[in-house]
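Let's walk through this fold from the outside in, starting with its layout and ending with what sits in the middle.

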Amino acid sequence: GFVQGGTTLPEDSNSMLSIGQLDYELVWVFHRLPASTSQLAQLAGKRIAVAPAGSGANQLVMQLLKDSGISSSNATLREISARDALAKLDAGELDAAFLVAGADADILQAPLRSNKLKLMSMAHADAYALRFPHLSRLTLHQGVVSPKDNLPPQDVRMVGVGALLAVRDDLHPTLQFALAQAASEVH
């Protein structure tokens, strides 16, 4: 199966093996706040979409918010799908929305091209990567989404988590190798 890094419970980790990281899933924070908004702590008092309850994205986002002092006691947290979050953000019903997705995800095209929404460059991206070993600090470089449209218009500091291919630890090593080889060819 495919597993988002950092989302397994310790008791599950004892019976699973990761046979490879396929890609990074980035934490995207789109918002309708001042352009200078670069810290998650600045989301206090705001209406925030955090991904559906029980999802790996929700677990990751809640971990980042908690570390930044944001909770349901000082912000309005909405556990909704990415599609609903973007629609409500675009309509002004939310102040910020978290999405966890690969850089080539189709759902990102509209918010990246929107005149109403901004993509947060995380000032504390390095700190989160140091505090949480399953996170990596990544840079979304200027123009990488669309050189023609210069999207994004400047480098964006982000964090990401590995998308891992995991197997039960009792899967025969030959099958583990075959899966790893197939994943390498397909992904």
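The protein chain carries 6 helices and 8 strands, taken as DSSP runs numbered from the N terminus (helices are H or I with at least four residues, strands are E with at least two). Along the sequence they come in the order β-α-β-β-α-β-α-β-α-β-α-β-β-α. Keep in mind that this is a predicted model: local features need pLDDT of at least 70 and side-chain atom pairs count only at pLDDT 80 or more, while totals for chains, interfaces and linings use all residues. Residues are numbered from 1 along each chain as its sequence is written, and side-chain values use heavy atoms, with hydrogens and water left out.

Of the 187 residues in the protein chain, 38% are buried (under 20% relative accessible area with a 1.4 Å probe, protein chains only; exposed is over 50%, partly exposed in between). Contacts here mean heavy atoms within 4.5 Å. Among those between residues at least 6 apart in sequence, 74% join residues at least 24 apart.

Now for the inside. The largest nonpolar core (buried Ala, Val, Leu, Ile, Met, Phe, Trp, Tyr and Cys joined through side-chain atoms within 4.5 Å) has 26 residues, and Phe98 and Leu40 are among those with the most contacts inside it. Strand S2 (16-31), helix H2 (56-67), strand S5 (96-101), helix H5 (125-131) and strand S8 (156-168) each give it two or more residues, with H2 supplying the largest share, 5 residues. Leaving aside neighbours within four places in sequence, Phe98 touches residues including Val27, Trp28, Leu43 and Val61. A second, separate core of 21 residues includes Ala97, Leu99, Leu108 and Val156.
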